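Q: Please take one part of this structure and go through it closely for someone who has not seen it before. I would like to know what it touches and how it is placed.

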Amino acid sequence: MVMRTPADTTGADTAGAPWVTTEPWRVANTRRESDDTVTLELEPPAPFEFSPGQFNMLYARGIGEVPISISSDPGEPERILHTIREVGAVTRALCAAEPGQEIGVRGPYGSRWPLEKAEGGDLMIVAGGIGLPPLRPAIYQALSRRDHYQRIVLLYGARTPVDLLFTGELAKWRSRFDLTVEVTVDAADRDWRGNVGVVPDLIARAPFEPGKTTAFMVGPEIMMRFTVRALQRAGVPDDRVFLSMERNMQCAAALCGHCQFGPFLICRDGPVLSYRQLAPWITLREI
Amino acid sequence: MPQTHEPQPLDRLLREHKFFAGLDPEHLTLLVGCARNTVFPAGAFMFREAGPADEFFLIRDGVLALEVTGPGQGPITVQTLVAGDVVGFSWLIERNHRWQFDGRVVERIRALELDGVCLRAKCEADPRLGYELMRRFAGLASDRLQATRLQLLDVYGHAYPS
């Protein structure tokens, strides 16, 4: 029998009070990031503290509830952002929300990015597609404590140039001398002046010292598996690679079991887990 | 102080390139005999699809786009290559030695060009060199194949919920 091992990325234990909800949050603003992705700016009734990597359960009245990562700066607790891709009835309703509308929120849930493990070394952040929003709070926090890290490298991939998120912010980050940003797309026409290719291929080009690098990664699971292999080839140890796993989280309180992944319940033990923890399970088809 | 670009010896450029790391010095000398420096301005084509692939390149700086054009649509870039990348394995692996894509220069390229006809003759004469190059270029082709598979999977499609 396999016993569950405690995650080494946890900072929150929200399972103790799963159904505590605040009064509804007001939509202060919305921003369309791409054809199918919208960022909701929500005003919590009181300042809302969270750690980078955590998620909230967002409830569209009469339709349903979904887990959505928080994509804003942890240093701005009065203004909480969630970047949502339209993939079903609930996310469509959330993406269609108007300023002034109220949304049900409970959270924050889940484990956080272990930024302290990267201190003193290089921090590599790897995002694919809608994987950038859950990493953005970690980027903000790392940049707010820039002197705690050596190099900070952001590698980001999307399907095409029009699918890229946070393009204005990417341009600002690119202009910094203390942050390396490499963006790539799977295919493009001639109007695109950037990289074309897959995210794992960016690893070989990126400046970092493998033995002193901590990597955070979010994206489609296949992309993450290929990227982990590229990091392993470069010499980054498995216990310094952290992935945010996406599973069917329904209760967010470790009660329903829908998000079970091997010995883990992703809503409680994750979403952020080290590759060392995930390695025995991540290539199993049955999971 | 104005920057100067000191010409660097070809053998040093080849020896220090990661693609040729660990290559027998004797074989490196054979490669040098087939190499030359070359420059392509932005907008030029290093090669065209279906053209004879009688060379390959090691990009020293600049950006190259591999493009393919279909009927009724403009050119699509399938991959970009930058400094440190190797361009072309058709000179060795592809049966008829033809380029498979257009190679359009996005940003001025300085590269080492290696003459594939010259090298193929040396590989025929020295099977150890032939095996060594085939091994390295097969690895390069394998990497490109994996990347292509990942692109074909369209992993950023709608199967991945937020």
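A: What follows is a close look at one helix and its surroundings. This is a predicted model, in which local features need pLDDT of at least 70 and side-chain atom pairs count only at pLDDT 80 or more, while totals for chains, interfaces and linings use all residues. Residues are numbered from 1 along each chain as its sequence is written, and chains are lettered from A and ligands numbered from 1 in the order in which they are written.

The part chosen is helix H4 of chain B, residues 127–153 (helices, H or I, of at least four residues and strands, E, of at least two are DSSP runs, numbered from the N terminus). Where chain B meets chain A, 21 residues of chain B are in contact with 29 residues of chain A (C-beta atoms, placed from the backbone, within 7 Å). To this side of chain B, H4(B) and strand E4(B), residues 75–81, each give two or more residues, and E4(B) supplies the largest share, 6 residues. Sorted by class, that side of chain B holds 13 nonpolar, 7 polar and 1 charged residues (Ala, Val, Leu, Ile, Met, Phe, Trp, Tyr, Cys and Pro are nonpolar, Asp, Glu, Lys and Arg charged, the others, Gly among them, polar).

Within chain B, H4(B) also packs with helix H3(B), residues 116–125, at an angle of about 125 degrees, with their axes 5 Å apart (axes are lines fitted to C-alpha atoms, for helices over the stretch in contact, and angles run from 0 to 180 degrees between N-to-C directions). That angle makes H3(B) oblique to H4(B) (under 35 degrees is roughly parallel, over 145 roughly antiparallel, 65 to 115 roughly perpendicular, the rest oblique). At this contact, Leu129(B), Gly130(B) and Leu133(B) of H4(B) meet Lys122(B), Cys123(B) and Glu124(B) of H3(B), and these residues divide into 3 nonpolar, 1 polar and 2 charged.

Notes
Two residues are in contact if their C-beta atoms, placed from the backbone, lie within 7 Å.
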